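Q: I am new to this structure and would be grateful for a close look at one part of it. Please set that part in the context of the whole chain.

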Amino acid sequence: PFRGKPLRIPSLRFALLLDVSLAIQGPPVLRVRALVPDTDLHALTTALGAQASELDLRRLSTRLSDFPEEVRTRFSLALRWHSPTRLSLELNGLGATLTLPA
């Protein structure tokens, strides 16, 4: 719905960890893990939140099409680690300005 407005993902540093088996039989790679620094994840959520806030939501849903001016939201995204294996994406400070038709 947002043709002409591609989301840009900033450059990310990451490391790949491969668990390799030295056994003759079976798969040579047992597990692959990707690690991304928290600072890069923060840069990613900041960039995606800022870009999403620039999108006109009238193009996303016909229920918003009667608004005469762009429908945009304001928010920030944050990643929160609840445990070493549980990550959540939080949307904070959500707001929008809607101009009513005359």
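A: The account below begins with the chain as a whole and then turns to the loop between strand 1 and strand 2, followed by other residues related to it or lying elsewhere.

The model is a predicted one. Its chain contains four strands and one helix. Read from the N terminus, these elements follow the order β-β-α-β-β. The chain is more spread out than a compact globule, because its radius of gyration is 20 Å, whereas the globule rule gives 13 Å for 102 residues. The C-alpha trace extends over about 75 × 25 × 20 Å along the principal axes.

Some totals complete this general view. Of the 102 residues, 20% count as buried. The exposed area of the chain is about 8,100 Å², and 60% of it comes from carbon and sulfur atoms. Among the contacts with a separation of 6 or more, 36% are between residues 24 or more positions apart. The chain carries 13 positive and 9 negative charges, and the mean positions of the two groups lie 3 Å apart.

The part chosen for the close look is the loop that links strand 1 (15-20) to strand 2 (29-35), in which serine 21 lies. A polar atom of the serine 21 side chain is 3.1 Å from the backbone nitrogen of alanine 23. When residues up to four places away in sequence are left out, serine 21 touches Pro27, Pro28 and Leu30.

Leucine 22 belongs to this loop between strand 1 and strand 2 as well. Its relative accessibility is 82%, so leucine 22 counts as exposed. A wider view is given by the pair leucine 22 and leucine 77: they are 55 residues apart in sequence, and their C-alpha atoms are 42 Å apart in space.

Beyond the loop, valine 29 lies in strand 2. With a relative accessibility of 39%, valine 29 counts as partly exposed. Apart from neighbours within four places in sequence, valine 29 is in contact with Leu18 and Asp19; strand 1 covers residues 15-20. The C-alpha atoms of valine 29 and glutamate 69 are separated by 54 Å, and the two residues are 40 positions apart along the chain.

For context, the loop between helix 1 (38-52) and strand 3 (72-83) may be considered next, as glutamate 70 has its place there. Glutamate 70 has a relative accessible area of 40% and is therefore partly exposed. Its side chain is joined to that of arginine 72 by a polar contact of 2.6 Å. Leaving aside residues up to four places away in sequence, glutamate 70 touches Asp56, Arg58 and Thr97. Glutamate 70 and alanine 34 are 36 residues apart in sequence, with 39 Å between their C-alpha atoms.

Lastly, tryptophan 81 is found in strand 3. This residue is partly exposed, as its relative accessible area is 46%. Outside the residues up to four places away in sequence, tryptophan 81 touches Asp38, Arg86 and Leu87.

To return to the chosen loop, serine 21 combines the 3.1 Å approach to the backbone nitrogen of alanine 23 with contacts to Pro27, Pro28 and Leu30, while leucine 22 is exposed.

Definitions and conventions
Residues are numbered from 1 along each chain as its sequence is written. This is a predicted model: local features need pLDDT of at least 70, side-chain atom pairs count only at pLDDT 80 or more; totals for chains, interfaces and linings use all residues. Side-chain values use heavy atoms; hydrogens and water are left out. Helices (H or I, at least four residues) and strands (E, at least two) are DSSP runs, numbered from the N terminus. The radius of gyration is taken over C-alpha atoms; the globule rule is 2.2 Å times the number of residues to the power 0.38. Buried means under 20% relative accessible area, exposed over 50%, partly exposed in between (1.4 Å probe, protein chains only). Contact means heavy atoms within 4.5 Å. Accessible areas come from the Shrake-Rupley method with a 1.4 Å probe; for residues, only the protein chains shown count as cover. Lys and Arg count as positive and Asp and Glu as negative; His and the chain ends are not counted. The place of a charge is taken as NZ of Lys, CZ of Arg, CG of Asp or CD of Glu. A polar contact is a pair of N or O atoms within 3.5 Å; within protein, one must be able to donate a hydrogen and the other to accept it, and residues adjacent in sequence count only if both atoms are side-chain atoms.
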